[in-house]
Amino acid sequence: MTRVSLRQRWRALRPGIRFPLLAALLIAALLALIDRLVPPPLPSGNDGFIVLARDGSPLRAWPGSDGAWRYPVTPAEVSPRYIEALLGYEDRWFRWHPGVNPASLVRAAWQWARTGRIVSGGSTLTMQVARILEPVPRTAAGKLRQIARALQLEWRLSKDEILTLYLNHAPMGGIVEGVEMASRAYLGKPSRDLSLAEAALLATLPRAPSRLRPDRAPQAARAARDRVLARLENFGIWLPEAVTDARIEPVIAQKLQGAWLAPLAAERLHSGARKTGIAGLARVNSTLDRELQATVERLLADRASVLPPRVSIAALVIDAGTLEVRAYAGSADFGDNARGAHVDMVRGVRSPGSALKPFLYAMALDDGLIHSESLLIDAPQAFGGYQPGNFQADFSGPVSVSEALQRSLNVPAVDLLDQIGPARFAARLAEGGIKPRLVAGEAPNLSLILGGAGVTLEELVGGYRALAAGGVAGKPRLTPGAPVEETRLMSEGAAWIVRDILEGGGHPDRPFVESAGAAPLAWKTGTSFGFRDAWAVGVSGRYALGVWLGRPDGTPNPGFFGANVAAPLLKDIAAALPHDLIPPRDRPATVQPVDICWPLGLAAADTPAPLCHRRRTAWSLAGAVPPTRPDRVDGSSLRETVWLEAGSGLRTVPGCGQGRPRDTARWPTLLQPWLAGWLPADQRIPDWHPGCAPAAATPSATLRIVGLNEASRLRPAPHQRHVSLQLAVRGTPGPVVWLLDGKRVTPDAGGKLLLNEPGAHRLTVMDEGGRHHSVAFTVDAPPG
């Protein structure tokens, strides 16, 4: 088969065909060259940026470089009614013409020649887009340039792309451009929900955007709208009865105003988009719930109105199931610069106070160190020179794990952290997304559990999410497309027990109360040193939420702590949460109730009755019922055999008098000061028999308060409203701790303590070895 070359085929063409074809090819090449050398001014720079709520409504917008506000949409996202009104009124042949409509141009030229003025422009929708992109004077030369640009746009773009340019850039009055921004700005609704009358109104608005603005000239806008409706009826695009109904609808438009929601969350997304190189007209979808966001911002603004100057608030709410952020308030009021309006404290690194304690107790549960009712010691203790105190400066003596966590007692938590190890605890937190920030060069220490490191509200809420998600913490997600980052922070059983403690006290024997309407709130507070930060974090139903309150510059707020300022706000936010879907709280199979006995901490079934001084019902994890931790002062077993003298019942030693052995349970040494008025006499170990005590228990080695006897009555001196008590102790040369009614007190430099409260009191002194002495006395009220 003979191959015919392209040249041969060309020569075979008749000259009458060859030369016109050549001319057409040359013209096409010339037009392509012109198109490349003088491209149309398509949008490519900063045309605006908008952040949307999860329902598509705008939260915050940034104008383009030209100052115009736009909301990008595609034709598929706009109501078909608007597309019908736009094309039916402006360009019925848009889908078929090449950018210009010769018939319309001839008609417009004839009208101009007859009347001497422009009656109709003859512009197609493509020509209008060309004029929007490149404004030209209304002259013959300008019209020719507009036509050329229209042809160029049709050469380069599809019909839908040209229509999209119009939908997003058509002038709608003032700084508003595009149908979506106009629909939301004037009508308060998305363009997909436009009525026939509203679609006709927005279709005609670009013809005279300043003169027809519905918020300023509703009568003129209505007359223009009705002309559109009449034309659409004449062309048979809309039925007469539908047009009749549309004419009845009044033109009501809201005033243009910049109402922002979640401004700092939007700023965060905006900054992130710029870093990734997003340009042009862009929108970012967030996970924020518009209604909940507005409620949270209103609650924060109301609370800020009664706060001192420069105090700000941050709040975060996430869906525990998906980790999606539902409400994000980085400051109390974005319009109040005095409160650090632009400082995003959702991401601010601050001391969490006691807010980390739930994670510590969960870790101890998983390690098998405790159950929910393990006996802990709330008494003055020193841990290698570190002497923590409670927030209220008082001590409760024997407490359970549930009580210690719910009341946020410091000493039991430090004791537990000392057993687990601060470095190991810090590593577990970091693995779960809570990254403790320490002073450069400093290693984790026991102060970590009381706020000795910095964390963020975002990290805390992501960590508390584990209590509602079977022990799995996660990083909050602000956009639907953000990756799901999860880490197991605790076991499912530990998460359930800790949540139960924070929610209702952790008592397996309490009756189950089903809440009506709202889910219960499991919450924990925190207060940093110097009242610089107040926290409240928790879980409710399917949400995890948190609140921070303080000054962004870190200056103190005396008297402001988590329980009195942050917790009430957290409860208000929790009450506003939509609890339409509350996930079931099924107890894991690894968690079972068990009766235990104090002081040994073992199961009641394994404890002889005489050794069970206090019976409690606990939650046990994985069948573990760990005993009470060893006594720090006396490392011997809490179960021991003592000898009692037959006649007096006092304690003795074998071979001294008529002693008889008795198996008994000993309470930790540091708890002895609390047992006198709390434990029945038959459960306490009796005092030593004077003639049968070992050398270490002789009276010379006994701690005694000097100058105040049991059952003393103290009266104020004449003309005084208080009693001045001289504190003195015998039996130790070392430091001691004074407790008045369980609350730590410190005498003045002269050893005196002022007593202002009349009534019964108990004064206790303790040394570092756990020895103690208590005296009960009464203070009389001053006369008169």
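This is a short walk through helix packing, sheets, a disulfide and a few backbone oddities in one predicted model.

Okay, everyone, keep in mind as we go that we're looking at a prediction. I'll start with helices, then go to the sheets, and finish with the disulfide and its surroundings.

So, helix 3. That's residues 80-90, and one of its neighbours is helix 9, residues 196-204. When we talk about two packed helices, we describe them by the angle between their axes and the distance between those axes. Here the axes of helix 3 and helix 9 come within 8 Å and cross at roughly 45°. Helix 3 and helix 9 are therefore oblique to each other. As for the hand, helix 3 goes past helix 9 in a right-handed crossing.

Who's touching whom? On the helix 3 side you've got Arg81, Tyr82, Ala85, Leu86, Tyr89 and Glu90, and they meet Leu196, Ala199, Ala200, Leu202, Ala203 and Thr204 of helix 9. If you sort that contact by class, you get nine nonpolar residues, one polar and two charged.

Helix 3 also meets helix 10, which is residues 218-234. For this pair, the axes come within 9 Å and the crossing is roughly 80°, so helix 3 and helix 10 are roughly perpendicular. From helix 3, Glu84, Ala85, Gly88 and Tyr89 are in play, and across from them in helix 10 sit Arg227, Val228, Arg231 and Leu232. The class count for this contact is four nonpolar, one polar and three charged. If you're following in the viewer, look at Ala85 and Tyr89: they turn up in the contact with helix 9 and again in the contact with helix 10.

Right, on to sheets. There's an open sheet of three strands in the order 2-1-3, and its pairing is mixed. Which strands stand at the edges of this sheet? Those are strand 2, residues 58-63, and strand 3, residues 282-285; each has a single partner strand, so one side of each has no neighbour in the sheet. The average twist is 10° from one strand to the next.

Strand 1, residues 48-52, runs antiparallel to strand 2, and five bridges join the two. If you want one pair to click on, phenylalanine 49 has tryptophan 62 in strand 2 as its bridge partner. Packed on this sheet is helix 12, residues 263-275, which touches strand 1, strand 2 and strand 3, and its direction makes about 50° with that of strand 2.

While we're there, have a look at alanine 262. It's in the loop between helix 11, residues 240-248, and helix 12. Its phi is near 50°, which is a positive value in a residue other than glycine.

Next sheet. Five strands make an open sheet in the order 5-4-12-11-10, with antiparallel pairing. Strand 5 (325-329) and strand 10 (521-527) are the edge strands here, each with a single partner. Further in, strand 11, residues 533-540, pairs antiparallel with strand 12, residues 543-550, over eight bridges. Valine 539, for instance, has alanine 544 in strand 12 as its bridge partner. And helix 18, residues 457-464, lies across strand 4, strand 10, strand 11 and strand 12, running at about 30° to strand 11.

Now for the cysteines. How many disulfides does the structure hold? One. It joins cysteine 597 to cysteine 612, with an S to S distance of 2.0 Å. The torsion about that S-S bond is about -80°, so the disulfide is left-handed. Cysteine 597 is in strand 13 and cysteine 612 is in the loop between strand 13 and strand 14, so the pair ties together parts that are 15 residues apart in sequence.

That loop has something else for you. Proline 599 lies in the loop between strand 13 and strand 14, and the peptide bond from tryptophan 598 to proline 599 is cis, with omega near 10°.

Last stop, strand 15, residues 639-645. It runs antiparallel to strand 17, residues 659-665, and seven bridges join them. Glutamate 640 has threonine 664 in strand 17 as its bridge partner. Strand 15 also pairs antiparallel with strand 16, residues 651-652, over two bridges; leucine 644, for one, partners arginine 651. Strand 15 and strand 16 make a hairpin with five residues between them, and glycine 649 in the turn has a positive phi of about 80°.

That's my tour, thanks.

Definitions and conventions
Residues numbered from 1 in each chain as written. Predicted model: local features only at pLDDT ≥ 70, side-chain atom pairs only at ≥ 80, totals over all residues. Heavy atoms only, no water. Axes fitted to C-alpha atoms, helices over the stretch in contact; angles between N-to-C directions. Helix = DSSP H or I, 4+ residues; strand = E, 2+ residues; numbered from the N terminus. Parallel < 35°, antiparallel > 145°, perpendicular 65-115°, else oblique. Left-handed = near helix turned anticlockwise from the far one by under 90°. Contact = heavy atoms within 4.5 Å. Nonpolar A, V, L, I, M, F, W, Y, C, P; charged D, E, K, R; others polar. Pairing = 2+ DSSP bridges. Disulfide = S-S within 2.5 Å.
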